[in-house]
Amino acid sequence: MTNAGFERWWRRVATYLSRSPGTFVFLFVIVVTTLVLRGLDAPTATRLLRRESTNLLQMSRDAPRVLFLSAFLLDGGQLWREAITFNVVLCPLERWTGTYRWLAAIAAGHVGATIATTLGIWFEVRAGAAERAIVYPVDVGP
């Protein structure tokens with residue numbers, strides 16, 4: 001690739017990234033945290049994921065913290081799948097609504113889905129319809 005060809009390519013990439021900055025900052029943080037988790041030994045990574053999980057136990061202890069931090073972690077996630085999802089779904093959403101509305105939609109979706117799931121699990125455990133083990137699983141990710 002010539003110097004001029006590289007500059008054109010780089011300009012296109014930079015323009016694409018700059019049109020949805022929130023999406024790519026979010027993706028960058030997820031990539032970094034995922035790579036850090038992959039560099040840890042298995043017991044440490046599992047302990048960290050359990051501590052930041054939005055399972056029933058952690059939600060009852062410190063819901064705001066785990067709601068925020070769990071959004072930036074993947075449990076053995078496939079980064080290529082996340083990159084495709086971000087480009088196909090989140091980029092157009094951010095470009096259409098703007099970064100601040102996009103951030104509000106992402107936060108509301110993550111918090112709403114997590115709370116709905118947690119309440120459903122809580123009701124099942126209280127009614128005796130679910131095993132107690134469902135209280136402790138790792139539940140992280142955007």
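Buried here means under 20% relative accessible area, exposed means over 50%, and partly exposed is anything in between (1.4 Å probe, protein chains only). By that yardstick Arg-50 counts as partly exposed because its relative accessible area is 40%. Arg-50 sits in helix H3, helices being DSSP runs of H or I with at least four residues, numbered from the N terminus. Its C-alpha atom is 7.2 Å from that of Pro-137, although the two are 87 residues apart along the chain.

The model is a predicted one, with pLDDT of at least 70 asked of local features and 80 or more of side-chain atom pairs, while totals for chains, interfaces and linings use all residues. Numbering starts from 1 along each chain as its sequence is written, and side-chain values rest on heavy atoms, leaving out hydrogens and water.

H3 (residues 42–51) also holds Leu-48, again partly exposed, at 33% relative accessible area. Leu-48 joins Phe-28, Val-32, Val-36 and Leu-40 in a nonpolar surface patch of about 420 Å² (members have over 30% relative accessible area and no salt bridge, with nonpolar side chains joined within 5 Å; a salt bridge puts a Lys or Arg side-chain nitrogen within 4 Å of an Asp or Glu carboxyl oxygen). Helix H2 (residues 21–39) supplies the largest share of this patch, three residues.

H2 also packs against helix H6 (residues 99–127), at about 45° and with the axes 9 Å apart (axes are lines fitted to C-alpha atoms over the stretch in contact, with angles from 0 to 180 degrees between N-to-C directions). That angle makes H2 oblique to H6, as it is not under 35 degrees (roughly parallel), over 145 (roughly antiparallel) or 65 to 115 (roughly perpendicular). On the H2 side, Pro-21, Gly-22, Thr-23 and Phe-26 meet Thr-99, Trp-102 and Ile-106 of H6, contact being heavy atoms within 4.5 Å.

Note on methods
Patch = residues over 30% accessible without salt bridge, like charges linked within 9 Å, V, L, I, M, F, W, Y side chains within 5 Å. Areas by Shrake-Rupley, 256 points an atom, 1.4 Å probe, with all protein chains shown as cover. Helix = DSSP H or I, 4+ residues; strand = E, 2+ residues; numbered from the N terminus.
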